[in-house]
Amino acid sequence: DEAPSADSASTGVVEDEPEEDQQRGYASVTRVDKPVPVASPSEAKKEDRFSVRRSRLRELQELRGELKSKEFELLQKTQELEEKEQTMIVLQEQLSLEKKLRDILMKEKEKADEEAKIAAGLCSQGGIMP
């Protein structure tokens, strides 16, 4: 509310304006501000140590955050890789089954061709016989 006067800065005493107080119905009051403590050299060293500790703690917390982020990314990539591996395994099994099916179909075709030749041969012989 009030600006301290030049001499109050050196004494730490702030006087209220008497005219304003009288208009408000108050008696003139003298207030003493608390002096600002001056840190001793040992306290300053402690503050510096705490400041260094705080900055190191902040840095450690940032590194932990980055590590968690990288771990999460690595976990996602690992899961994607496992999914791709599973897909590859399924595709290999499918290819193997298709090869077996092809082999079976080829054998059946050869068997059918052979039976057709035999049937054709028998039909032609049947026409010759009386």
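Buried means under 20% relative accessible area, exposed means over 50%, and partly exposed lies in between (1.4 Å probe, protein chains only). This is a predicted model, where local features need pLDDT of at least 70, side-chain atom pairs count only at pLDDT 80 or more, and totals for chains, interfaces and linings use all residues. Residues are numbered from 1 along each chain as its sequence is written, and side-chain values use heavy atoms, with hydrogens and water left out.

Q: How many of the 130 residues count as buried?
A: By that cut-off, 4% of the chain's residues are buried.

Q: Why is glutamate 83 called exposed?
A: Its relative accessible area is 55%, and exposed means over 50%, so glutamate 83 earns the word.

Q: Where does glutamate 83 lie?
A: Glutamate 83 is in helix α3; helices are DSSP runs (H or I, at least four residues), strands are E runs of at least two, and both are numbered from the N terminus.

Q: What makes up the chain's pattern along the sequence?
A: Reading along, you meet α-β-α-β-α, with three helices and two strands in the chain.
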